[in-house]
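Open the model in your viewer and keep the selection panel at hand. The stops below are given in the order in which to select them.

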Amino acid sequence: MVKSGFVDKLIQRVDRVEPGEVQQYLNRLVQEKGFFEKIFEALREGVIVADGEGTILYINRSAGAFFGAQADAATGKSIGDIVRGLDWPALVSTRATVNRDMEVFYPENRILNFYITPLPLVDDEEPADADIAYVMLVRDATENRRHTEEKIESERLNALTMLAAGVAHEIGNPLNSLNIHLQLLERKVKKAVPELYRDTLKEYFEIGTSEVKRLDFIVDQFLRAIRPSEPQFKMTNVNELVEESCRFLEPELKDREIRVTLDLAEGVPLLKIDPDQLKQAFYNLIRNASQAIGADGDILVRSDLDDDFVEIHFVDTGGGIPAEAMGQIFDPYFTTKKTGSGLGLLIVRRIIREHGGEIRFESKEGEGTKVTVFLPRYEKNVRMLKD
């Protein structure tokens, strides 16, 4: 058996133990067992000892907390009952050390890293097919995984920013050229066309010039949003930004018979934000909602507030997001639209996070989508963590 120094000495002299000494040695064994259990209970890592069939022989408090189980009640149960979806026979079939990651959703959504190693219950000289227990050590890798993903996302976004900035710049040059040539053409037409047609042609030129300026403005806002520059914070009324965003997109939405309803809370405080960047984020979210609808639908834009955040909700009556796509909506180049670039939501999330906020999606296929932007009411220089 696996022995401690005290147990080794006890076994060596077991034939000389007096009846009166048995209780003394039993007490000592209990003390040693309690000492090691206290060590295991103090660990932040989870420790599970199970036999080859998966019956739990020991589980510490941390392991129980990871999987939403009481340590005392879990002892003696099958490990598959505690760790749902764990294929224990396959993991221990080779009697080799196994290192894996798993995602659990109860009692909290976590990424856990675990490794399983065999623990012989016999001495080395005993048969190789003797009983073996297995130690499963579990640690919370959620934060490490999140930091890794954020680093990868940041690197991707930097590369995409350079590409997108170049494309936007190339679009901006011909737009400026179009604007100049429209003005020159208008002057020529005034001189060459009879006065009867001038008013009509003037209207056409104004529409063309207006659309070029609108495209130029969109490109300018896009460049502002994707440049890796620090936000230019100023105290701003976020409700006014929402209204401006809706007004800007009003012609496009009316043309597709999409109705926008504003339900803006009174008493929303001024926030320290970059108005241009947030308007770009709102443009993207409203346009995404309109594209999800297609035509003849409704968008509700509602603001609300609590003690910590101002919330802006964008609710559409579109087709919703498929469940299998929800985990990829912020991935670069991932899009469910035929003509989408897959960059819009990535940029939106970066803008919101640079303001200390967060963005949340709720959607059910066939029933529309709700996007909530959380913006902190106060600048957070210090944040107390829960015990």
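Helices (H or I, at least four residues) and strands (E, at least two) are DSSP runs, numbered from the N terminus. Select Glu211 to begin: this residue lies in helix α8, residues 195-226. The model is predicted, so local features need pLDDT of at least 70 and side-chain atom pairs count only at pLDDT 80 or more, while totals for chains, interfaces and linings use all residues. Residues are numbered from 1 along each chain as its sequence is written, and side-chain values use heavy atoms, with hydrogens and water left out.

Glu211 has a relative accessible area of 37% and is therefore partly exposed (buried is under 20%, exposed over 50%, partly exposed in between, with a 1.4 Å probe and protein chains only). Now add Leu175, which is 36 residues from Glu211 in sequence; their C-alpha atoms are 10.0 Å apart.

Next, select Asn179, in helix α7, residues 142-192. Is Asn179 buried or exposed? Its relative accessibility is 17%, so Asn179 counts as buried. Beyond residues up to four places away in sequence, Asn179 touches Thr209, Val212 and Lys213; contact here means heavy atoms within 4.5 Å.

Go to Ile39 in helix α2, residues 22-42. Ile39 counts as partly exposed because its relative accessibility is 38%. Add Phe40 and Leu43: with Ile39 they form a nonpolar patch on the surface, with about 220 Å² of accessible area together. Such a patch is made of residues with over 30% relative accessible area and no salt bridge, nonpolar side chains (Val, Leu, Ile, Met, Phe, Trp, Tyr) being joined within 5 Å and like charges within 9 Å. A salt bridge is a side-chain nitrogen of Lys or Arg within 4 Å of a carboxyl oxygen of Asp or Glu. Areas come from the Shrake-Rupley method with a 1.4 Å probe, and for residues only the protein chains shown count as cover.

Now turn to the interior. A nonpolar core is a set of buried Ala, Val, Leu, Ile, Met, Phe, Trp, Tyr and Cys residues joined through side-chain atoms within 4.5 Å. Select Val238, Leu285, Ile312, Phe314 and Val373, which touch the most other members of the largest such core, a set of 38 residues. Among the elements giving two or more residues to this core are α9 (238-255), α10 (275-293), β10 (309-316) and β12 (369-376). With eight residues, α10 gives the most. Centre on Val238: leaving aside neighbours within four places in sequence, Val238 is in contact with Val268, Leu271, Phe282, Val310, Ile312 and Leu375. Apart from this core lies another, of 27 residues, including Ala50, Ile79, Trp88 and Ile116.

Select α11. Eight of its eleven residues are buried, so α11 is largely enclosed by the rest of the structure. After α11 comes Gly356, with a positive phi near 80 degrees.

The last stop is aromatic pairs. Rings of Phe, Tyr and Trp (its six-membered ring) pair if their centres lie within 6.5 Å; planes under 30 degrees apart count as stacked, over 60 as edge-to-face and the rest as tilted. By this rule there are four aromatic pairs. Show Phe248 and Tyr283, a tilted pair with 5.0 Å centre to centre and 35 degrees between the planes. Phe248 is in helix α9 and Tyr283 in helix α10, 35 residues apart. Both Phe248 and Tyr283 are buried. Then show Phe309 and Phe374: the ring centres are 6.0 Å apart and the planes at 80 degrees, so this pair is edge-to-face. Phe309 is in strand β10 and Phe374 in strand β12, 65 residues apart. Phe309, at 22% relative accessibility, counts as partly exposed, whereas Phe374, at 14%, counts as buried.
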